[in-house]
Structure formats: C-alpha cells, structure tokens
Amino acid sequence: MTASISKMSIDYYFSTISNSDGQIKGVRDLTAYYTDSGDPAGKWFGAGLAGLSLNAGDRVEKFQAKRLFQDSKDPLTGELLGRSQIKATTAPEGAQSPSGQTVKKTREAVAGFDITFSVPKSVSVLWAISTPEVQAKLLAAHRQAMAESLAWLEENVIQTRTGHGGVAKVEVTGLIGSSFDHWDSRAGDPQLHTHAVIANRVQRVSDGQWATLDSYTLHKYVVATSEKYNNLLFDAVYRETGAVAEQRGQEPTIVPSPEGNLAVSDAVEESGKIRVELAGVPNELIEEFSTRSRAIENEKNRLLKEWEDSNGRPAPTEVIIRLRQQATLSTRTAKVSDAQPLAVKMTNWRERTRALGLNPKQVVAAAIGHETTVFESGAITYSAVLEIAGHVLAQTAHKRATFNQANLIATTEKLLTTIRCASASERNEITHQIVEAATGMAASLTPRASRYMDDADAVLTNRGHSIFDSPETAIFASKQLMNDEAFLMGLAANEAGPSLPDPSKVQEALGNVLVGDNHHLSSDQARAALEVLTSKQTLTAIIGPAGTGKTTTMRGIKELWEAHHSPGSIVGLAPSAVAAAVLGEEVGIATDNTAKWLYESVGDGAARRTQRYFQATAAITATENSIKAARSQSATSTPAQRTAQAEKIRQLTRKRQAHAATVAKCVAEQSKYTLRQGQLLIVDEASMAGTTTLAELGAQADRAGAKVLLVGDPAQLESVEAGGILGWMERDHNASHLNQVFRFKADWEKKASLQLREGIIDVLDDYEEEQRLHYSEQGTAAGAAYKAWLTDTTGEPGKSSILIAADNESVGELNLQAQADLTALGRINLDVTVDVRNATAGVGDVLLARQNDRKLKDANGAFIKNGSRLVITEINLDGTIAATREETGATIQLGPDYLAANTELGYAVTAHRAQGVTVDTGHCLVKDGLSRELFYVSMTRGREGNHAYIDVTPDDELHSPDEWNLFHQMVPTQGREILEGVLNNRNAALTAHETLAIEEGKANDLATMVSEYEYATTAIATESFTTWLTANGGQDILHQIQRAPEWARLISAWSQADHNGLTSETAELPPPELLTHLRSLPANGSADAELIDSLLPKSTAANSSDQQILNDLDRRITTRIDYLTKTALSESKKYETIPLGYRYEVARLDAIWTEVSEQSPSDTILGRTPPKSDWRLSRYYKHLKEQLPDLTAPIPEMIDQPWNTEEDLKERLADQGYLDLLDQTLHPNIVAGSARETDADQFDPTLQLPGQDNAAGLDI
C-alpha cells in the first residue's frame, strides 16, 4: 500500500516543536534540508483554498492549522466556515454509517483525514543513496505524483453530502489540506513519504456554503488512489531519471506486446509477495531497509559481548540463537530520534549499503538511464481495451461478490503498473476507458435515481449525473456470479434431490443412532439430521455455531444415509486439506479438498486424463489393426515367417493390454471424482468455499442426481473468493440450525458465545465479570497473552492451549519468544538446527506446515498438508528431520528445502489458522479494526476458558505528521471501546442477489424519495434566489447574505414565499434590512396548495429538465405510496376494525408515516410519535394526523348516482380509492346496471361497500 488514510483529531500538544520551526518561509530545494534537524515545514494545497485567504504552497503556520482544523475558521480572517465542530455526543440508538455499519456510541468531531503517500521501498532506497541531483528529481517525482493523485481525487471523488440523511451528493470547489514531508520510517530506515492532512471542510459550488467532506466515498477510493499514485510516481520517476519499474511477484500484469500494443504478462517470480520495484535496485538492499535487521544485529552483538564477557568463553549456538531472539523482541518498538540532520542519515544509509558489499554509485547507475515504451491513450486499440477490461472484471470479481468503480480502478491500475504513460491525463484516460468497458460487461445492481439530467441546472447535477445518484459507489457484480448464485438458489428450492422416504421412520432411526462415546444425538442435532435426510432439495445446509456438534450431526447423517444408499455413498470435501482430513477421520468418509476435487473432476487433471484416455484408445485401435494385418499374412507365410508373425502378434497383444490398462486407469481415476446418483456430497467449512466452486459442485450433483450438504457457520471465517451462499441460506431460512452449545465447560459461556456471534454488545459485561477480558493501557497485551499461554502450556501436564495473534508479524515475534523460553526450560534443544521461514528450529520445536505436498507422506500414508502441526524429534546431518504430526501421532521425514520454504514455528497462530481447532484454553490478542468473525473464532477455541487481551495504543506511540504534534490519529482510547468496535465490524459477505434487493429497496424507499424531493425543492429555490439576488444586488450582496447564519432558513422561506413586490430596489437594501424584508414575505404554502399524495407541497421549476426531475420524483412517490397502501391492507389486520369507507385512507396515511419515519410497522395507527427535537418528522406527523378521518362521522357515500356500465363503476371506485374492492366484492360478470347471479364461493355478502348495507343498491 502506497497511500493510506486515517481520521485525525487536533490536540493541544506543543512540547515537541521541531528545530525547523523558525525556518524562513518559501520554497526550498532538497539541499537546504541537509543540515536541518527534523522534517521540512508543511505547505498548504488544494483547489478549495480559493475560498480562503491562503494560497497553495504557502507554509503552514501553527496558528493557521489550529484555526482551520480545530476551530473550522479561515486561518487568516477567522471567519467561521459553516457550523462549529460538534462536541462529543452520544449517537442515536441504531445509528448506521452509509455502508450500513453500526456507528460508535460516542460521536466525536473529525478535524480531518491523513492520506499518507509513501513511495515504494526501491524508490526510497534509490533516493537515499543517490547524488543530490538524482535525489532532487526523485523527490520532485514523488511530489508531482501526489499532486496529480490529489487532483484526480478532487475531480472525481471529493464532494459533500447534504439534505436529510445526506441524500444529495453535491459538487464542491476542492480540497483544503496541508502536506508534511518525512524522510524515514520509525526504525530510521529511508522511507520517503508525505502526510496530506485534508481538512474536514469543503465549499459547495451551488451556494458557496461550507460543509463537511463526504468521507464515506473518500474512504472507498483510498486503495484506488494508492494504486494510481504508484503508477503516476513510476511515470514521473521514469521521465525524471530513466528508472524503470518491474514486477516482482506471482500475478500477471499488463506489458507492451511485441506489436506495440498491450498484453497480459506471465509471472515474473515463483515465490514472494507481488510488488513493483525499480529495476536495478537489488532485493537484498530493499530487504535491508525494509526491516529492523540492522538494529537487531547491533543489539544481538551487544548482548553477545555481554554474555561472553560474563562467562569467559565463546557463546554456543543455542545461546546465540536465543540472544538474537531477545534482540528481535527488544527492538520491536524502538524509535530512532528525529534530531539527526538529513545529511547524517544519508551517510548512515550509504554505509549500510556498502556493508552489504554493494557500491551505492553502481546501484544508482544500474537503476537509472533506461528507455522503455511510453503509451498514449490514442495508441491503445479498442480490442486491447476490451481484453484488458475482461481481465480487470475477472480479477476484481474473483475476490468479491460485489464491487464498485473504485475496485475496478484499483485493479486496472495494478494491472497497468509496468506500463509507462506520457502524462497523468493520458494514464487517467486509459484507465477510464478500461473501467468503462469493464462496467459495461458487469451487472449493475444500483438503480439510477433520475434519467432527466441532460439540461438540468448545476444545482441538481454533480459531474454530469443526478445529485441523488452515486456512480462513484454504485455496486456491480459479474454476470457469471449472478448466474452461479441463481443456479445455487434454484438448487436450494427444487425437489429433485435424493432423500430418505418416510420421515417418521427416519426420525425413529435417528433416535437410536449412537455417536462418539455412544451417546445419542441432541434434539437439535436430530432435527437437523432429519431435515437434511428427508428434504428433496438438491442443495441443503446445516448452520452450526462454534461448539454445537456439527461433526456429531454429520456422523448421524452418515449412518442413516449409507444404510439406505449403500456404504461409500457419501463424499466429503472442505476448502482446506487439513479440514478435509479432519472431516474424513472424524466422520469416517472419503474426503479431499475442493480445489483438488475440481482439478481432478473438471480441471487440468481431468483434461490430462482425457488426453491420455484418447491417446490410449487410439493406440488400442492401431494395435488391433496391426494384429489383424499380421494374422491375415499368416495364411500364406512360411513356417519361419509364421513363427515371427506369432511373436509379433504376442508383442502387439502385450502393447494392447498396456494401453487397455491405461484406459482402465483413466476411467477408474475419473470415476473416483465423478458423483453418482443417490450420493451425498458434504462440503464442510462451507462458509470458506467460493460461490463459483459451490456452483460447479452443485452442477455435478444436479447432473448425477446427487445431493449437496453445506456445513459451517457464516459467522466465522469466509471465503477469500466471492462467496456468501451459506450466509444467504441462513438468512433465507433455507438451512437447518444447531443451537445447543456443548464445547464449553461453563454454562454462561455457552450462552455468551452465541451472543458474541450475533454481535450483542452487552455480552461483554459477562466476559468482564468472568475476568476473560484483559485491557492493556500501555501496549503490553502481547506480553500478557503470551505469559498466560506459557503458564498453561508448561503447567498442568496434558493441558492444551492456543495463542492467537492478530497479524503475521505478531505471530512471528511470539513464536521467537516461545522458542527462547521453551529452550531455557529444556524443552527445545538448539545445539543442532535447521532453517525454517524467518527462523531456525531445533529438536522439540513445533512447526506449522504452510504448503500441501502430496508426495510427502507420513507413516500412515497421509500427505503433508497446509496447516499440519509437527514436532521435531530428530535432526539429521543432511538437514532432513524426523517429526511427529500433532493431530495423528504419525511420523514423517521432511527435507531441508521443504522446511526452509514451507514451514515456520508454530506456537502462535492467526485466527485463520485457529478455525477448527479445539483446545483446553485459548488466549487471543485483539487490536482495533479486528472483525467480529475473527474475534468470534478466536474466543471459541477453548473448552475451559477463552481470554482476550486488548491493546490500547499509548498516546506517545501515535504518530503526528506535523511539526508541532497538533494532529493525531483518532483511535479508541479504551479497551472496551475497541471491543465494541470489533463487534460492530461485521465482514460477512452478502450475495449479489441480496445486495441487489437492498439497492432496489433503497431506490424505492419513500423516506429517501421524500428527502430527495425536499432537497430538489431547496436546490431549485437556492438557484432562483441566487439568480435574483445577483441580478439585482450584485455579487457583494450575494456573498454577504450567503454568510448570514439564517441562509438555510431563508432559502426554505423563499421556496414558499410570494415573490410579488420584489424589485431591484429591494435587492439594493443593506444586508440587515434586506434580510428583514425577505423574512417578512408572505408564504403561499397555504392549506389549499397542491400536495403530492397529501404529503409534500408540489414544487415547480423554470428549467424543463428540473421540472422533469420533480415530476419523476412525484410519480415515484405516488407509485410507492400506492404499493405501500395495498401491501398494508393485505398484510395487516389492524385495519379490520375500521369501517370500510375509511379503511383505504387510514391505511394509506399509516403506511406513509411508517416508511417516512423509518420505523417498524406498529399495532397502532401512525405508530410512535417522533421526538419533539425532530422538527422535520414532527411536521410530517402533525400533517398526516390532521388528515386522519373522523371515524365517528357518517360514512361517505361511494355511489350517489345510478351507474350504467362496469367502466363507469370502476371509474367512480378509482376516484375514491376503492378500485381494489371491486374484485373482492363483485362477481366478474358485471353487465350494465346489474351483477348477475353469483356463487357463494365467489362473493362475500358480508363485505360492506362505503355508504351501503351489504352492497345494497347493487342489483345482485
């Protein structure tokens, strides 16, 4: 990641002002910083500065930063920019962010956002060791790329949300920000980066008013901005120095083809993370400056000298290893002082380069001065755009069920990372063309708000689209995924799957099933098994929270299914080889992982097998023909010839047999991976299986007449690919559920774990009361968790414990600590060691395998799997080891190559590795930002106890980008606050179909449409008033009135005012008198004004397109109210006591209020009253309540004149809202003046039409 974002607050910490505080103003080149201590002074940037008294490039002064970011005022004039920042307040109950996440209980003012632009490590390294001339060019390239990235954000992303609920996304003048350059990382390594601190204030184009930034959309585009900055940087670096970027990693990218166009490249490397670096900058130099290696080495040498001085002898190998581990841990949080001048830092960096045996001048010479193809947008053919767009769509959709434009931009930029463009505009145009093509290939899930935008006023448009649309965050899905989901949903609804007959007998048999240690299935397990065994759906599911006995339930299903369908009629699959092995061992069925099954059934394995099959069958045919020819020659041959021919026939026959054996083997192997009628395919840990995988498995089962059973928990870990099907089956009630928890020893924890799964905040009280939550205010949570785990591990014999960390870096450090302590206790012998990933290991060490290898098999014949845990029992002279597998006790031999590349120390694990593990105690580290799913997995591994250790970052550890420590990242300050955020941070994926339903629901939501109409009316009034005031009073008067606190109320009054009598003389009044006069204008919003469905006063617009937008909203609101009314009448019984003559109108008003107020349907008419503080809803509530009919008054007559035709009757019924009653009341065969004889089944004589007794007056 080369650009990241965080919320910033501004605090009153002034104790660490840098030495450069007194530097002169103005632009300075890099050499001016060489002798200064600290980082350079900040500079103002952004197009939004045009609305302030600042200029881009001006130095950021301390008092200016305080005024803007803390007080929301113009840094020089002190004028308030919009409303004052909010004080810390309690968020409304159930409040959600635009993304649907539950917001924090306490709302705090956000001063701004820190977008950190950090160059790739190879650029930093080259900058650190280059000459001043090259350094200046690299710094200029970085600043240019950052400026171009921010300009792109301003043009395409930056906006504000306004109107009720932020319903309108409107255009702003641009960003206001301050940038702060930094030279190095926390550890003192070269890391050229700039903090762009963006103020949470923007100015609306429509009326000049100040508002807060739309941070929701900004956050969506951080990754896209990062990838774009990366490419713009490499473009600028190439133009400045001739240095060329190259890919180092596995995934393909886009490269110039021999024909000069663009094509997809092959992988560059076979291992390591994918990254793009400058060619010529060695990996070892990048690694030197990417880690704490130098600090670790220095600290290790210091500790080693102390040990040898104290002991009077050279340290043995195990001591050296232990001291290095100690050095690794002790340097973890070391922060190098910023007091050194840049020149001193660069001297040190060059010395470190030479210490690696590299010459800085030679490295620089190898990296710069190259030539490569530079592309312009016009040179990219349409066919190339379409091809790349196909790759972009496939790559984006592979990992996400749904995605937005930002995701497509990020993927496009990543694929184009080694393509150099002539300018930022050329790159942006190429990316735009590809993204446009990709969205055209995808399925759009977000409906458009309005189609009438061609000639609309600017107040109703933003970047050429409706202010009520959000193309920046519109959601898409691949059409293939939509088809796969629809197919699976169809399998869950059909009745074509195999099942067991006679449910009563199945239920009786389940009652006799004994599993495990000869116990019966629990009631919920038996119910779930019964539902699966007897259902006729091809696709079924069992949802089981942690510890509910999913494996036990599958054993019961297996016993009855095989008794009915024959042994071996169940096949088991799981996303990982380890999970598949556990499934096979515990349930007693043949298993494999899903990737292997698909590889062998329809993938490359099947293709190669098919090729061998056809080659063998062709060879058989050719051999048989040769045999026939040889036999036909025997009749005329001499005895000697016949003897030779007989031998030839025998050889041909043997060849035929060999070919036939190949055919038989191919058929048998394919049969192993082919489902048969009546089989049950169980997919365990199904939440981790992608939708495409499940669709293929479902298709195989459907063709064969087999059944698929998904087993898992969507509240635990999900698929790394696009998924969500298991979650959909739970939410759509297409699954059987297990709800009794057995794993935990304590009864309270059984209940609490289910509440934790649901994200119920109050359950934290139970965990606190049981002393399961351990808060650390000083960043010592890792030490506390480790100490507790070590006590459990080394204490009671046979007690198992798991240590779960939040990230791989923490896992590595905890593993080193564990190895050091267990060595000191004599449990590990480091006299002889072998290399593993990022460490060394000795006899007694626990290793974790990270790669499947079907050629490496243990004594039981099982292959080594990703996730297998091994204990080293012997190390041989050739570097091979003997080890015991923890899960089975089987022995295995592993070679040095596999050990070094594919194993690591296995004492601590991440939550992803912990799923499926059950131990006595669990200890997990929790950091801010962890998802609920990972936390739930981590807190449900231990039978006897599960403990969480929560790290709160100390204030002195928070990085401040500015020179005065004014800005600080906003992070939770209490452990409880972190945990509440974790429980609210739900990452479970929805299917694309569910997202489509949500998006359509939003588009047709009455409350949203009412808010849109309100804002459209206000925007049109703003345009009208601004035009009048400018024409008659001039710009100065306009600006003065716009800055008045009453501006918003004035616009509201203008939209309803009688404008007669307004003259140019009126506009020329001084602002105070003009305001007074405008406030006195009479309102024309009288009681007889035309309303939209008795709800909103109709508005008009001078512009025809604006009027079309209003008319379109009017139509949609009316249509929605009709739908809500009919739905309410058909689904709610609370209207049955209301006389029929009033029923429709009461239901209509009630349905309007229910959706406008966004409350759940109530048992009473108009439900809950709004709080008095909500003036907007209170106004609607009062208005609707006043329209409720007086139910004590006489019922109005529906028909007061004779009717002659059915059409005449329908017209009158429709006019009074009773058209739906016609179908309920009258026989279909209505003729003029009467309704002929009606069967009792077709007519209910008790139905009462308004104003009549049992349909009196109708000739029935």
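In which hand does α20 pass α21? In this predicted model, the crossing of α20 past α21 is left-handed. Helix α20 spans residues 604–634, and helix α21 spans residues 639–672. Their axes come within 8 Å and cross at roughly 160°. The two helices are therefore roughly antiparallel, because an angle over 145 degrees falls in that class. The contact of α20 with α21 draws on 13 nonpolar residues, 10 polar residues and eight charged residues.

One residue of α20 illustrates how the chain returns on itself here. Thr610 sits in helix α20. Its relative accessibility is 37%, so Thr610 counts as partly exposed. Along the sequence, Thr610 and Gln670 are 60 residues apart. In space, their C-alpha atoms are 8.9 Å apart. Gln670 falls within the range of α21, residues 639–672.

Two further helix pairs involve α22. Packed helices are described by the angle between their axes and the distance between those axes. Helix α19 (residues 594–601) packs with helix α22 (residues 691–704) at about 55°. The axes of α19 and α22 are 11 Å apart. This pair is therefore oblique, and the crossing of α19 and α22 is left-handed. Helix α14 also packs with α22, at an angle of about 45°. Here the axes are 9 Å apart. That angle makes α14 oblique to α22, because it lies outside the parallel, antiparallel and perpendicular classes. The passage of α14 across α22 is again a left-handed crossing.

The loop after α14 was examined next. Leu500 lies between α14 (479–493) and α15 (503–512). Although in a loop, Leu500 is buried, with a relative accessible area of 7%. Its C-alpha is 8.7 Å from that of Lys536. Leu500 and Lys536 are separated by 36 residues in sequence.

Helix α17 covers residues 550–565, 16 residues in total. From first C-alpha to last it reaches 22 Å. This is close to the 22 Å expected at 1.5 Å a residue. Many positions of α17 are buried: Lys550, Thr552, Thr553, Met554, Gly556, Ile557, Lys558, Leu560, Trp561 and Glu562. The list includes the charged residues Lys550, Lys558 and Glu562. Glu562, in helix α17, has a relative accessible area of 15% and is therefore buried, the cut-off being under 20%. Glu562 and Gly678 are 116 residues apart in sequence. Their C-alpha atoms are nevertheless 10.0 Å apart in space. Just after α17, Ser566 takes a positive phi of about 105°.

Positive phi also occurs elsewhere. Most residues other than glycine have a negative phi. Arg463 has a phi near 55°, a positive value in a residue other than glycine. The residue is placed in the loop between β20 (461–462) and β21 (465–466). Arg463 is partly exposed, with a relative accessible area of 28%. Glu1158 likewise has a positive phi, near 55°. Its loop joins α38 (1140–1156) and α39 (1175–1187). Glu1158 has a relative accessible area of 60% and so is exposed, the threshold being over 50%.

Nonpolar cores were then considered. In soluble globular proteins, nonpolar side chains tend to be buried together. The largest nonpolar core in this model has 82 residues. Trp127, Leu150 and Leu153 have the most contacts inside it. Helix α3 (residues 132–156) supplies the largest share of this core, nine residues. A second core, separate from the largest, holds 42 residues. Among them are Ala1019, Ile1121, Tyr1142 and Ala1151.

A final long-range pair involves helix α1. Gln70 is found in this helix, which covers residues 62–70. With a relative accessible area of 16%, Gln70 is buried. Gln70 and Ala199 are 129 residues apart along the chain. Their C-alpha atoms are separated by 9.7 Å.

Key
Residues are numbered from 1 along each chain as its sequence is written. This is a predicted model: local features need pLDDT of at least 70, side-chain atom pairs count only at pLDDT 80 or more; totals for chains, interfaces and linings use all residues. Side-chain values use heavy atoms; hydrogens and water are left out. Axes are lines fitted to C-alpha atoms, for helices over the stretch in contact, and angles run from 0 to 180 degrees between N-to-C directions. Helices (H or I, at least four residues) and strands (E, at least two) are DSSP runs, numbered from the N terminus. Angles under 35 degrees count as roughly parallel, over 145 as roughly antiparallel, 65 to 115 as roughly perpendicular and the rest as oblique. A crossing is left-handed if the near helix is turned anticlockwise from the far one by less than a right angle, and right-handed if clockwise. A nonpolar core is a set of buried Ala, Val, Leu, Ile, Met, Phe, Trp, Tyr and Cys residues joined through side-chain atoms within 4.5 Å. Buried means under 20% relative accessible area, exposed over 50%, partly exposed in between (1.4 Å probe, protein chains only). The expected span of a helix is 1.5 Å times one less than its number of residues.
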